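This report walks through the fold, the cores, the aromatic pairs and the cysteines. Please keep the sequence and the 3D view at hand.

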Amino acid sequence: HFALIMRIDTPQITWHGGDDGKNNPLFGLDSVQTCGLSPTIIATCGNDSSIHLWRVTSQDDKLDGDSDNSNDKNNNNSNSNSNSNNTNNNNTTNLNPGVEHVVNLSKHEGGVNCVRFSPDGLSLVTAGDRGSCIVWSVPMSKRGGGNGRHFWNLVKQESDLQCKILRSQCEDVFDCSWSPCSRRFVLGSLDHKITAFEDQSVSSDWGGSGD
């Protein structure tokens, strides 16, 4: 028999705030896994005009680091029982995942209803009120080695990302979805329209999926 063990932590984050100091509702959330053991980047949006990027460090990342530190301590200390207890206490306090605010993307003029990372992890589309749509992308110069999704973990300010403002000619957008090739995406809007976009710059030459 196998038992499923899950550790859950609920950090309270107060960031999408209104003028009255209360939290505004969140309308969209998506995540991208950067390469290797790097943290996960999460994008959130709401009825304000801001998109927030967050860095989430998983429990596994922290436990790997604690395990290495534990081995070093045990090798350098003769009192192994005492050090083992201290190490276990340290591991217990570090089990909770870490959440860190990365950057605020602020080029929208109204509420943002949806955020979606492309399947290849190189672009983030954000869309919302009055048909507004923006594509945030990893710069071409940072896509070497066939995969540039690791760059999201290095973003420190809005100007670190490429930004394309698109005119969708539709009413408020409430949903969006990427094609598997990461070259096209569609928007679903309040006026019963589906609007499709294609990024013709996407090709396998710099690491995109392409057709």
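## Cysteines

Cys176 counts as buried, at 3% relative accessibility. Buried means under 20% relative accessible area, exposed means over 50%, and partly exposed lies in between, with a 1.4 Å probe and protein chains only. This is a predicted model, in which local features need pLDDT of at least 70 and side-chain atom pairs count only at pLDDT 80 or more, while totals for chains, interfaces and linings use all residues. Residues are numbered from 1 along each chain as its sequence is written, and side-chain values use heavy atoms, with hydrogens and water left out.

Cys133 is buried too, with a relative accessible area of 1%. How many disulfides does the structure hold? It holds 0. A disulfide here is a pair of cysteine sulfur atoms within 2.5 Å. Cys176 is in none, and its nearest cysteine sulfur, that of Cys114, is 3.4 Å away. For Cys133, the closest cysteine sulfur is in Cys176 at 7.3 Å, which is too far for a bond.

## Fold

The protein chain has 2 helices and 11 strands. These are DSSP runs numbered from the N terminus: helices are H or I with at least four residues, strands are E with at least two. The order from the N terminus is β-β-β-α-α-β-β-β-β-β-β-β-β. Of the 211 residues, 40% count as buried. Contacts (heavy atoms within 4.5 Å) are often long-range in sequence terms: among those with a separation of 6 or more, 55% join residues 24 or more positions apart.

One open sheet has 4 strands in the order S5-S6-S7-S8, with antiparallel pairing. Two strands pair if DSSP finds at least two bridges between them. S5 and S8 (162–167) stand at the edges with a single partner strand each, so one side of each has no neighbour in the sheet. Neighbouring strands are turned by 20° against each other on average, direction ignored. The axes behind this angle are lines fitted to C-alpha atoms, for helices over the stretch in contact, and angles run from 0 to 180 degrees between N-to-C directions. S7 and S8 pair over 6 bridges in the antiparallel sense. Cys133 stands opposite Leu166 in S8.

## Cores

A nonpolar core is a set of buried Ala, Val, Leu, Ile, Met, Phe, Trp, Tyr and Cys residues joined through side-chain atoms within 4.5 Å. Which members of the largest core touch the most others? They are Leu53, Leu105, Leu124 and Trp152, in a core of 21 residues. S2 (40–46), S3 (51–57), S4 (98–105), S5 (112–117) and S7 (132–137) each supply at least two residues of this core. Another core lies apart from it, with 12 residues, among them Val173, Trp178, Phe185 and Leu187.

Beyond its neighbours within four places in sequence, Trp152 is in contact with residues including Val32, Ile41, Leu53, Phe117, Leu124 and Leu161. Val32 is found in S1 (residues 26–33) and is buried at 4% relative accessibility. Val32 and Phe117 are 85 residues apart in sequence, yet 6.6 Å apart in space, C-alpha to C-alpha.

## Aromatic pairs

The structure holds 3 aromatic pairs. Rings of Phe, Tyr and Trp (its six-membered ring) pair if their centres lie within 6.5 Å; planes under 30 degrees apart count as stacked, over 60 as edge-to-face and the rest as tilted. Two of the pairs from the record of 3 are set out here.

| Pair | Centre to centre | Plane angle | Class |
|---|---|---|---|
| Phe117 and Trp152 | 5.2 Å | 85° | edge-to-face |
| Phe185 and Phe197 | 5.3 Å | 25° | stacked |

Phe117 lies in S5 and Trp152 in the loop between S7 and S8, so this pair ties together parts that are 35 residues apart in sequence. Phe117 and Trp152 are buried.

Phe185 lies in S10 (residues 184–189) and Phe197 in S11 (residues 194–198), so their pair links parts 12 residues apart in sequence. Phe185 is buried at 5% relative accessibility, and Phe197 at 17%. Trp178 joins them in one aromatic cluster.

## The S10–S11 hairpin

S10 and S11 run antiparallel, joined by 5 bridges. They form a hairpin with 4 residues between them, and His192 in the turn has a positive phi of about 65°. Phe185 stands opposite Phe197 in S11. Along S11, Thr195 and Phe197 point to one face and are buried, while Ile194, Ala196 and Glu198 point to the other and are not.
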